[in-house]
Amino acid sequence: MDKISSDCPYPGCFFCVMKEGNPSKRRASILKFFRELPSQDDDGQVLPISGLWNTAMAHPNDPEFIDLGIFECMTSLIWKGLKNRRWLSHDQNIYIPYYAAHIIGSYTMNMEEFAEIAVHAGVIPALVELLRGRLTWVEQRVAVRALGHLATYPSTFSALANHGEILELSMQLAVSSPEIVYTHFYQFVDRRLSYHCDLLTRGMGGVEMESRKAEEWASQLQCWSLQLINCFAFKPEFLPTICKSEFLVKLPGMWGGLVNENSPAGIGLLRTICHHKVGRGPVASCPEIIDALCNIARSSDDWQCMAIDCLLWLVQDLSTCHKVIHTALPALIDLAEITTLGEQKKLGDSIVNVLQECIQSPKMGLNSISDHAKEQVEELLGSQERLKWEKNMPKEDLHIKQAAALVVKLEGNSLFSSGDISGAGHKYSEALSLCPMRSKKERIVLYSNRAQCHLLLQQPMAAIGDATRALSLHNPVNRHAKSLWRRAQAYDMLGLAKESLLDAILYINECSQSTDVDANSRQNRVPEYAERFVKKQMRSAWLFREAGMKHGGVHCEGDVYGQESDDSEWETASESDVGDDEKDEVGGNWKNGNERKDRRKKASKKEMRQGYNLQLTEDEA
């Protein structure tokens with residue numbers, strides 16, 4: 001610091017300090033800078049703080065500033081902002097508490113030794129005050145991020161746990177964060193704080209970008225709160241506080257959305273809770289949660305495997321099995337032929353083993369499981385035995401079974417074409433009973449066709465079950481386009497927008513990657529009806545939807561999610577995708593185009609509106 005750049009008007013300038021070539025002088029100058037900064041009231045303090053923020057983001061593992069007092073400096077600046085509102089409102093000091101908390105979070109993100117130094121520097125009380133909402137939601141976001149990092153390390157967790165209010169505040173924030181961001185920023189464009197807008201867009205965006213970034217940050221605020229709670233959930237002594245029914249029932253609805261898809265969010269916390277016996281009891285006592293876990297397990301959610309884990313643990317636990325088995329059993333049976341899901345190998349075998357143990361264990365009690373549930377499991381176990389038996393069958397016998405199944409399937413197709421949907425469904429069931437277990441491609445088609453029948457018969461749960469079975473058989477899992485589309489429609493019938501949206505997006509993805517020659521020759525490889533359907537579901541699954549409805553709608557210009565639209569604007573694959581399935585696999589054709597058009601005209605108004613008009617499915621086996 002003895003030598004200051006001649007063109008710099010600020011004595012002791014941090015940026016000049018950083019240019020110092022002598023290591024010992026540089027270290028002494030940085031140490032002095034960190035000690036003196038909190039007591040200074042000069043203009044332009046935000047500039048070195050933003051520079052430190054950039055450095056922390058780019059080099060979070062660099063130890064240079066850690067031993068020189070950066071945590072003490074940032075903590076003092078946060079307290080200064082909390083206690084001295086006149087200083088906070090001067091110049092651009094309003095940005096400083098945000099940057100200070102962000103710097104603490106960045107330097108404690110990866111390094112446990114840095115986290116220990118931060119705790120000894122006293123960062124926790126200051127961060128807790130930000131977490132309370134003493135300033136605004138943007139400071140809450142970076143505070144919960146920093147506290148979440150400190151909570152992940154064994155050596156610093158106890159220091160957080162000593163502040164009992166952290167868990168309660170995080171739970172409140174996880175529940176209310178979308179409403180907080182909506183009412184304090186998103187709802188009224190003309191009331192947005194300018195420094196919020198600058199932080200969100202770095203000064204390079206208009207209203208629409210601010211709104212989209214606000215949704216992303218609101219999701220992060222919720223997900224980071226859940227991550228912090230998750231650290232407490234690993235300790236059984238905190239589960240009674242976490243496992244309050246009014247909080248638990250909201251967890252399945254908390255997800256990272258499309259803007260924060262890398263976070264397991266609510267389902268991740270539920271998995272941690274269900275891993276403990278103390279947590280399984282409260283979860284099993286909430287039927288809404290079990291229903292939601294079944295829906296997530298039978299969906300394209302990236303965290304589907306976590307929902308399956310929860311169901312398996314609940315079924316394996318003698319104290320919770322009788323509460324959940326009747327709801328969980330159909331979902332688990334639908335998933336019993338999954339081979340690999342993420343990092344889990346032979347997941348289907350694990351499901352079968354758990355269900356078999358559940359039914360056959362004498363500890364379970366004869367009266368705790370219904371006869372119908374036992375029959376379902378016995379049927380599943382029978383199919384497993386059938387697969388073993390077929391391995392020893394002569395190829396000629398297998399070909400005979402395949403041919404018989406094909407004949408019955410064609411009979412089902414004929415009934416479907418004539419409008420006998422129920423009869424067609426029965427034929428597909430008969431074909432499934434004949435089709436060899438190892439003929440996965442044929443079975444996928446049969447399950448998917450039967451799912452379409454269930455849709456037309458207004459039986460969404462049955463359609464979800466069959467579509468899930470088809471998707472579980474497919475390799476890779478959850479990539480059979482038509483089954484994705486049918487399950488998306490079934491979830492839409494139940495009003496489950498998130499599950500419907502995820503399936504519809506994957507369906508579009510599969511369409512765009514199709515290698516089908518006819519599909520590639522079309523002008524639009526992604527069907528327009530699917531795009532409209534996705535937009536509809538995005539409106540319904542929008543993070544701010546509940547807050548917007550509660551507080552009188554959306555007043556943000558350019559927003560596409562807050563505005564309602566008439567459902568009649570969109571059509572579904574059943575109405576539009578006729579070209580995909582006109583030809584039968586053995587060369588037989590559908591009725592000619594005029595006959596199909598006439599039959600579509602005869603479909604009921606309700607069917608046309610819902611998009612489940614009579615159009616056969618698929619003969620690609």
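**Exercise 1. A ring pair**

Are tryptophan 137 and tryptophan 217 buried or exposed? Then describe how their rings meet.

*Solution.* Note that this is a predicted model.

Step 1. Check the cover. Both tryptophan 137 and tryptophan 217 are buried.

Step 2. Recall what to report. A pair of aromatic rings is described by the distance of the centres and the angle of the planes.

Step 3. Place the pair in its set. The whole structure has 21 aromatic pairs. Tryptophan 137 and tryptophan 217 form one that is edge-to-face, at 6.3 Å centre to centre with 75° between the planes.

Step 4. Locate the partners. Tryptophan 137 is in helix 9 (residues 137–151) and tryptophan 217 in helix 13. They are 80 residues apart, and the pair links distant parts of the chain.

Step 5. Look around the pair. Ring pairs join Trp137 and Trp217 into a cluster that also holds Trp53, Tyr95, Tyr98, Tyr99, Phe185 and Tyr195. Arginine 141 lies over the face of tryptophan 217, 3.7 Å from the ring centre.

**Exercise 2. Classify by angle**

Why is the pair of tryptophan 485 and tyrosine 529 edge-to-face? State which parts of the chain the pair ties together.

*Solution.*

Step 1. Take the cut-off. Planes over 60 degrees apart count as edge-to-face.

Step 2. Apply it. The planes of tryptophan 485 and tyrosine 529 are at 65°, so the pair is edge-to-face. The ring centres are 5.3 Å apart.

Step 3. Find the helices. Tryptophan 485 lies in helix 27 (residues 481–493), and tyrosine 529 lies in helix 30 (residues 528–540). The pair therefore ties together parts that are 44 residues apart in sequence.

Step 4. Check the cover. Tryptophan 485 and tyrosine 529 are both buried.

**Exercise 3. A covered helix**

How many of the 10 residues of helix 16 are buried? Name what covers them.

*Solution.*

Step 1. Count. In helix 16 (residues 265–274), 9 of 10 residues are buried.

Step 2. Name some. Among them are Gly266, Leu269, Ile273 and Cys274.

Step 3. Find the cover. It includes helix 13 (207–233), helix 17 (277–284), helix 18 (287–297) and helix 19 (304–316).

Step 4. Compare with the whole chain. Buried residues make up 54% of its 621 residues. The chain has 34 helices and 2 strands.

**Exercise 4. Cysteines without a bond**

How many disulfides does the structure hold? Test cysteine 310 as a case.

*Solution.*

Step 1. Recall the term. A disulfide is a covalent bond between the sulfur atoms of two cysteines.

Step 2. Give the total. The structure holds 0 disulfides.

Step 3. Test the case. The nearest cysteine sulfur to cysteine 310 is that of cysteine 274, 3.9 Å away. The cut-off is 2.5 Å. Cysteine 310 is in no disulfide.

Step 4. Add the cover. Cysteine 310 has 0% relative accessibility, so it counts as buried.

**Exercise 5. The cores**

Which residues touch the most other members of the largest nonpolar core? Follow one of them.

*Solution.*

Step 1. Start with the trend. In soluble globular proteins, nonpolar side chains tend to be buried together.

Step 2. Name the residues. The largest nonpolar core has 145 residues, and Ile70, Met74, Leu127, Ile273, Leu293 and Val315 touch the most other members. Helix 13 gives the largest share of this core, 12 residues.

Step 3. Follow leucine 127. Its contacts include Ile78, Ala101, Ile104 and Leu150.

Step 4. Look for another core. A second, separate core has 20 residues, including Leu502 and Val534.

**Exercise 6. Unusual backbone**

Which peptide bond is cis, with omega near 5°? Then find two residues with a positive phi.

*Solution.*

Step 1. Recall the norm. Most residues other than glycine have a negative phi, and most peptide bonds are trans.

Step 2. Find the cis bond. It runs from asparagine 475 to proline 476. Proline 476 lies in the loop between helix 26 (460–473) and helix 27.

Step 3. Find the phi cases. Aspartate 91 has a positive phi of about 50°. Lysine 346 has a positive phi of about 50° too.

Step 4. Place them. Aspartate 91 is in the loop between helix 5 (85–89) and helix 6 (96–107). Lysine 346 is in the loop between strand 2 (344–345) and helix 21 (347–360).

Step 5. Check the cover. Aspartate 91 is partly exposed, at 38% relative accessibility. Lysine 346 is at 59%, so it counts as exposed.

Notes. Residues numbered from 1 in each chain as written. Predicted model: local features only at pLDDT ≥ 70, side-chain atom pairs only at ≥ 80, totals over all residues. Heavy atoms only, no water. Buried < 20%, exposed > 50% of the residue type's maximum accessible area, 1.4 Å probe, protein only. Helix = DSSP H or I, 4+ residues; strand = E, 2+ residues; numbered from the N terminus. Contact = heavy atoms within 4.5 Å. Phe/Tyr/Trp six-rings, centres within 6.5 Å; stacked < 30°, edge-to-face > 60°. Lys NZ or Arg CZ within 6 Å of the ring centre and 35° of its normal. Core = buried A, V, L, I, M, F, W, Y, C linked by side-chain atoms within 4.5 Å. Lists of a residue's contacts leave out its neighbours within four places in sequence.
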